[in-house]
Amino acid sequence: MSGTATPHTDIRSTGWISRLPAPLRPYALLARLDRPIGTWLLFLPGAWGILLPGAEGATSPLERVRLLVLFGIGSLVMRSAGCVVNDMWDRDIDRQVTRTAGRPLASGALRMRHAALFLLLLLLIGLSILLQLNPLTQLLGASSLILVGLYPLAKRFTWWPQLVMGFTFGFGAPMGYAAMADRCDMTQVLLYSATILWQLGFDTIYGFQDMDDDARIGVKSTSLLWQGRAREFVGVCYAAAGLAFLGAGFLAHTGIGFYPVALFCIALLLKQAVSVNPQDPRLCLIQFRANRDIGVGFALACLAGLVW
């Protein structure tokens, strides 16, 4: 595998990955350990759920910290597991896409049996973390595996795989809320909705990088579907996500400090929507990555609501 990046992508085998023992490098790349952005985007909605409920929750600050640590480790493990599942399903498609042709299964660096054993190990680690949470969160966590398994099929049968990704990657939000509050309610529904819409927006931007290859091989996506009205579509997604997030904060009776920080983050999202350009893959990657910082900003909004 080349040590340089494919144009307009962040796939690399250089850096700390290159210092791993040779047999471990393909597994690190399969798990996307060289690209922590995905782990962040999986973890942050869970952090929102843990930090949001504010005065309604009876959880101590120390318990919130414990949950954040568990969700951080769990996000790393389960994001890795999701990448393995995705690449097992998509290895034939990945070989035909410039950005993904170097992935370990697509390139032949690993075989399916290697990926299956690695996936089993990751799931066992994830289970050990899940068992440290309350029964409601355990139930939600187990049900999320259905979405993890089905997500790679979405691009074959629907124009909305990014929406399915939002349901899948955003599941940390209801899990984090349930882990903290030990209940399900409308606050949780709005928080999950905000996460789904946010991720639908930024994953559509991410998908603009692959439009030529996707069209050539017949893969469907919201990026292809909405490329002609990209700014309007992403803008609607982000605006609706912002409204749902504000609604969740309101129902959770969060402190007044929540709102100015949340509104600032929503403004950043809308600014991104206005400037999105499907014909500029490099810009699309930059905008996609920027959502990590915006997601951290939303977490800070929840924290500000707690502290205020």
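## A salt bridge along helix H3

Let's start in helix H3, where Glu63 and Arg66 sit three residues apart, or about one turn of the helix. Their side chains meet in a salt bridge, with an N to O distance of 3.0 Å. How accessible are the two partners? Glu63 counts as partly exposed, at 25% relative accessibility, and Arg66 is also partly exposed, with a relative accessible area of 33%. Keep in mind as you read on that this is a predicted model.

Helix H3 covers residues 61-94, and Val69 has its place there too. At 45% relative accessibility, Val69 counts as partly exposed. Val69 also helps make a nonpolar surface patch of about 380 Å², together with Leu62, Val65 and Ile73.

## Salt bridges and a network

How many salt bridges turn up in the whole structure? A search finds eight. One of them joins Asp94 to Arg103, and the closest N and O atoms of this pair are 3.5 Å apart. Asp94 is buried, and Arg103 is buried as well. This pair doesn't stand alone: salt bridges that share partners join Asp94 and Arg103 with Arg32 and Asp87 into one network.

Arg32 deserves a second look. You'll find Arg32 in the loop between H1 and helix H2, the latter made of residues 37-51. Arg32 is buried, with a relative accessible area of just 6%. Another salt bridge links the side chains of Arg35 and Asp34, at 3.4 Å from N to O. Both of these residues are buried.

Asp34 also has a neighbour in space from another stretch of the chain. Gly15 and Asp34 are 19 residues apart in sequence, yet their C-alpha atoms are 8.3 Å apart. Gly15 lies in the segment before helix H1, which runs over 25-30. At 38% relative accessibility, Gly15 counts as partly exposed.

## Two backbone angles to notice

Here's some background first. Most residues other than glycine have a negative phi. Now go back to Arg32: its phi is near 60°, a positive value in a residue other than glycine.

His253 also has a positive phi, near 55°, and is likewise a residue other than glycine. Where is His253? Look in the loop between helix H12 (230-251) and helix H13 (258-275). Is His253 buried or exposed? His253 is exposed, with a relative accessible area of 56%.

## Rings that pair up

Time for the aromatic side chains. The structure holds 16 aromatic pairs. Take Trp198 and Phe202: their ring centres are 4.9 Å apart and their planes meet at 80°, so this pair is edge-to-face. The cut-off behind that name is an angle over 60 degrees between the planes. Both residues lie in helix H9, which spans residues 186-207, and they are four residues apart, about one turn of the helix. Trp198 is buried, at a relative accessible area of 1%, and Phe202 is buried too, at 2%.

Next comes Tyr206 with Phe288. Their ring centres are 4.4 Å apart and the planes make an angle of 45°, so this pair is tilted. Tyr206 lies in helix H9 but Phe288 lies in helix H14 (residues 281-307), so the pair ties together parts that are 82 residues apart in sequence. Tyr206 counts as buried at 15% relative accessibility, and Phe288 is buried with a relative accessible area of 8%.

These two pairs belong to a bigger picture. Ring pairs link Trp198, Phe202, Tyr206 and Phe288 into a cluster with Trp48, Phe245, Phe258, Tyr259 and Phe298. Rings can have a charge over them as well: Arg292 lies over the face of Trp40, at 5.9 Å from the ring centre.

## What about the cysteines?

A disulfide is a covalent bond between the sulfur atoms of two cysteines. How many disulfides does this structure have? The count comes to zero, where the cut-off is a pair of cysteine sulfur atoms within 2.5 Å.

Cys265 shows how this works out. The nearest cysteine sulfur belongs to Cys302 and is 9.5 Å away, and Cys265 is in no disulfide. Cys265 counts as buried, at 3% relative accessibility. Cys83 counts as buried as well, at 10% relative accessibility.

Terms used
Residues numbered from 1 in each chain as written. Predicted model: local features only at pLDDT ≥ 70, side-chain atom pairs only at ≥ 80, totals over all residues. Heavy atoms only, no water. Phe/Tyr/Trp six-rings, centres within 6.5 Å; stacked < 30°, edge-to-face > 60°. Helix = DSSP H or I, 4+ residues; strand = E, 2+ residues; numbered from the N terminus. Buried < 20%, exposed > 50% of the residue type's maximum accessible area, 1.4 Å probe, protein only. Lys NZ or Arg CZ within 6 Å of the ring centre and 35° of its normal. Patch = residues over 30% accessible without salt bridge, like charges linked within 9 Å, V, L, I, M, F, W, Y side chains within 5 Å. Areas by Shrake-Rupley, 256 points an atom, 1.4 Å probe, with all protein chains shown as cover. Salt bridge = Lys/Arg side-chain N within 4 Å of Asp/Glu carboxyl O.
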